[in-house]
Amino acid sequence: MKHPITMPVLSDTMETGRLVRWLKKPGDSIKKGEVIAEVESDKALMELEAFQDGFLAGPLAQENSDIPVKTVIGWIAESREEALAEAPQPETKPAPEPSKATSEAAAPVPAAEEAQLKVESQTGPGALPPASQPATFQASSPVLQAALSARPTESGGMTPLARELVQELDIDPQTLAPGADGVIRARQVLAAALSAPAPDLRYSADYEIKRPSGLREKIAENMAATTATPMFQLTARVHLTKLHDLAKQRELSLTLLMARVSAVTVQKHPLVNAVWTPKGLAWRKQVDVAIAVDTPDGLISPVLRDVAGRPLEELAEDWRILKDKTQRRRLQPSDYEGAGFYLSNLGVFPRVLWFDAIVPLGASAILAVAAADKAGRCALTISCDHRVLAGADAARFMEDLSEAIEKAQVD
Amino acid sequence: MADEIFYWQALNRALDELMAVDEAIFILGEDVGLYGGSYRVTEGLYAKYGEWRVRDTPISEGSFTGLGVGAALMGMRPVVEIMTVNFALLALDAIINMAAKVPFMSGGAFPMGLTVRMPGGVAKQLAAQHSQRLEHTLMNVPGLRIVVPATPQDAYWQLKQAVLSDEPVIVLEHELLYFSKGQVDETLPPPPPHRALCRRQGRDLTIIAYSKMAALAEQAAEKLVAQGIDAEVIDLRSLSPIDWHTCAESVARTHRLLIVEEDCRFAGAGAEIAATLTERCFTQLEVAPLRLGGLDIPTPYNGRLEAQTIPQVEDIVAAAKQLFN
Amino acid sequence: MDRDQALAFLHDMTLARAFEERAAQEYMQGNIAGFLHLYPGEEAVAVGVLHACEASDYIVTTYREHVHALVRGVPAEEVMAELFGKSHGCSRGMGGSMHLFDAERRFMGGYAIVGETYPVAVGIGYGIVLKDLPEAVICFFGDGAVNQGTFHESLNMAALWKLPVLFVCENNQYQIGTEIHRHSAVPEVYKRASAYRIPAERVDGMDVLKVYEATQHALQQIRAGTGPQLIECVTYRFRGHSMADPGSYRPPVEVKAFQQVDPVEMALRELSLAYPSPEQIATAGPDCLLRLREYCLDQGHLHEESIKDLEQKVQAEVEAAVQFALECPEPTMDDAWDALLCNRNGEVLT
């Protein structure tokens, strides 16, 4: 039977030791208490004594190497034969697991970095294997509990920064809605400052406040956020007849064909597909078109991906799925976020001659399609982010788009 | 190119360079000479400068620190090593009643170029009498300067500045930092000894820490990135005076303040930091400052319990998240 | 000395040596942490002094105190478990190697700040006088501790009020790495006591019988109400100051010389009926364990086999202590708070 020799812990701060040299070689007889190696700790050069009688056996750790404490560096065999019998194993192979009795004493050696962490966190006798370490660090750690013991106990109220902002921005605190934890923070004040002044309902007829649906609230937030976008509009008159006929012929919706023609044109005018970011213009590599859909909950715009690059049939199938998801309220953010171009079609309202739409955050343009008159002509209005598109850019795009629509160039 | 050396080597280098040019500097303490210092800080200096400039003292903290006061009064620059901060309790009369008071009581007639170095903090299972942090006691003494270098570079700079200062300076060295490594560039101009250092810039939260906890705070800040929190980490470097300007400027930007200290939380250094920054930055705070400190309990010998009595990286991460609830 | 007494000495000294060697081993394997100060070489002091004490006497000691606890009767399991930081350690895992306590055995603690034992012992002595009991307090300290202010302050008070304190200097001649001639103007510690008119004597601290007899004599005086006494035991530690210290500042020839006088070995020899011949002394040297063993052999107290039996018995004791410590549960944070609030007596703060 062989007993492991481990890199000893020789001081309170020692994490690794340098095995300076072996004073014995495999097969040499050693006595308990005899010095068998020299080890350099962080503090001094120390002698490593044998804990028992026997014969030094390999594999021995390399001289002049730094070794984490408690790592097996050699063995003591009970007979010379045993000590010499063992063919030396490659140095790189992890040391064999010590026998049961000693494995309890010498905890498994963690990797060097882990040892570092371990030492920071826990240096207990009978150190636990790393696997059970995290138990020490639950949210309920005593240190954390103590730190949190003196948190403000009352919910509600306003933080000092919020109060300062309320004064500086001259906001009526009555109009502020607190956050989820009941506290009014800077975020709520800033939102109030950027939003339109709240309507003064003091002289209004009797009313009842109802929280809007989540979707409507989100739309309100998004739309309010676009007030920072400098916008302009441009309207064109276009004959829809050909495209209409094509839609009937191929049994596709006119909206889908509009999206397709737009996407193909956008591809030729990549600036329309770009968007302004604080770091610079983001140029997109494919045209994803969002199509506004009216639902009982409010407006939502599912996105068709790569509308210029894929077969119409495939787009038609995608669109069917998206509409279905919309009806069943199953849309995921990945279904309605990230479009580069928007389309809003109010063609089902014949008396609406024309309208313009608001450019949503994340895009630079939205196309508003009104109903066609008896002659098959309709008003197309594009709203643009002026930071990205100038009037002439938009005009050139609309010229090309109108021509493509009138010629029904869907490919 | 600056080389990477141990923290103790940085201190050793600072002492060696100064002693080579200024004969008014001498070291005294228990086992600083022949033995080379318990943490090797004075290694080799005894051989180089002799026993009169590197003096092994008896175990008489009160008197050999007082000796340092006397020598400083007549223009010497003694560097006293107290083996651990815990033994400094025996030298508090010399530090508080003498070093901090005599220049003042004499109407400003005497210099006090005394430096007192002391290792401290929770190391590894040294039990309650050897694991203390005394910054709170010393911070409350006008007339003392206290530096808390956390890196070899700061150890090198701040010890040099301390030795050359005419004010009494306490250098608090964390026992677990002696064998940490870092670059030391002797050619760089040092910042003022009390200047706080921004170890990591961030927008969302200011974490103020010192000594070993500064490194932990930095590790926590890196972990917080994954939680979407961009934390600024300020290493105070000095506990008296404190660089309030750097701290306040940061809090005014982030509006959130977390203080991490190893010392007991009750009436600790963090209490002063939280109180002053609340006063200075009150209208800039989005949430009450949070102090994460050591438990108010003597340090248990048992290793697991010991770890539970002082902040760990995970605690800092959790505490930071609390400020964004 | 009778046979039982001699055997008791031999058992305790052998146990002390085996316990400490095993503690070193457990430290190197990471089961014991922090600072670990070991006693080999100095066994004759603790064994000689504590065997001369009554159970009603109080013991105040330093951070090198495992053996004092063992000799005082604290079970080896509880001492080892404390070194391991476990909940059934004699300090419940809160104190560790340097802070062993056992109220029941009047073991008033290991103190890790040099110079703390004197005032504590003086306070206990004061209490004994107030209670008018025939008890005494034993105050251990090292040679390095005599330059602490508390030494002089406490000796003065003890002498002034004739307190029943036996000051025992374990003079191992080193204050960590500083040899006594480099730390003390008067290296004969016992001479310092004369400044306070405290009777003092210097004994060979490698010789358990001499330590025992000196202690007996001193305690007789103390119990007679004549005030404090001081014994300086000149001894030697075979290891460094703590595990972190190789002790390389000591000349090898000095270490060798003292190893020759290993107190445990020496104890054997010294217990011999016939005075040892000069040759025997020359070969045995002062190791107290060696001496005692030889004495017992010569006396017919022991045969070679019984020495083997004793060693095996002691090894088994130490092994059992380690097993106990390994299996013992870790203390919890609740245990720590209980320890802190142990004197609150259920008071609830509102």
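A residue is buried if 20 or more other C-beta atoms lie within 10 Å of its own, exposed if 12 or fewer, and partly exposed in between; C-beta atoms are placed from the backbone. The model is predicted: local features need pLDDT of at least 70, side-chain atom pairs count only at pLDDT 80 or more, and totals for chains, interfaces and linings use all residues. Residues are numbered from 1 along each chain as its sequence is written, and chains are lettered from A and ligands numbered from 1 in the order in which they are written.

**Exercise 1. Two residues with positive phi**

Task: Decide whether Lys70(A) is buried or exposed, and do likewise for Arg329(A).

Solution:
- Step 1. Find Lys70(A) in the loop between β7 and β8 (72-77) of chain A. Helices (H or I, at least four residues) and strands (E, at least two) are DSSP runs, numbered from the N terminus.
- Step 2. Count its neighbours. Lys70(A) has 24 C-beta neighbours inside 10 Å, so it counts as buried.
- Step 3. Check the backbone. Phi of Lys70(A) is near 75 degrees, a positive value in a residue other than glycine.
- Step 4. Turn to Arg329(A), in the loop between α10 (312-327) and α11 (333-336) of chain A. Its phi is near 55 degrees, also positive in a residue other than glycine.
- Step 5. Arg329(A) has 11 other C-beta atoms within 10 Å, so it is exposed.

**Exercise 2. A sheet in chain A**

Task: Which strands stand at the edges of the open sheet of chain A?

Solution:
- Step 1. Write the order of the 6 strands: β9-β18-β17-β16-β12-β15, with mixed pairing. Two strands pair if DSSP finds at least two bridges between them.
- Step 2. Read the ends. β9 (231-239) and β15 (303-304) each have a single partner strand, so one side of each is left without a neighbour in the sheet.
- Step 3. Inspect one pair. β12 (residues 289-291) and β16 (residues 341-345) of chain A run in the parallel sense over 3 bridges. There, Val289(A) has Phe341(A) as its bridge partner.

**Exercise 3. A β-α-β unit in chain B**

Task: What is the handedness of the unit that holds β13(B), α10 and β14(B)?

Solution:
- Step 1. Pair the strands. β13 (residues 257-264) and β14(B) are parallel, over 4 bridges. Ile259(B) stands opposite Arg291(B).
- Step 2. Add the helix, α10 (residues 269-281) of chain B. The unit is right-handed: with the strands pointing away from the viewer, the path from the first strand over the helix to the second runs clockwise.
- Step 3. Test the cover of β14 (residues 290-294) of chain B. Here 5 of its 5 residues are buried.

**Exercise 4. Cis peptide bonds**

Task: Where do Pro59(A) and Pro241(B) lie?

Solution:
- Step 1. A cis peptide bond joins Gly58(A) and Pro59(A), with omega about 0 degrees. Pro59(A) is in the loop between β6 (54-57) and β7 (65-68) of chain A.
- Step 2. The bond from Ser240(B) to Pro241(B) is also cis, with omega near 0 degrees. Pro241(B) sits in the loop between β12 (238-240) and α9 (244-254) of chain B.

**Exercise 5. Where the chains meet**

Task: How many residues of chain A are in contact with chain B?

Solution:
- Step 1. Two residues are in contact if their C-beta atoms, placed from the backbone, lie within 7 Å. By this test, 30 residues of chain A touch 39 residues of chain B.
- Step 2. Name the helices. α3 (112-121), α4 (142-148) and α5 (160-168) of chain A each supply at least two residues of the side that touches chain B. The largest share, 6 residues, comes from α4(A).
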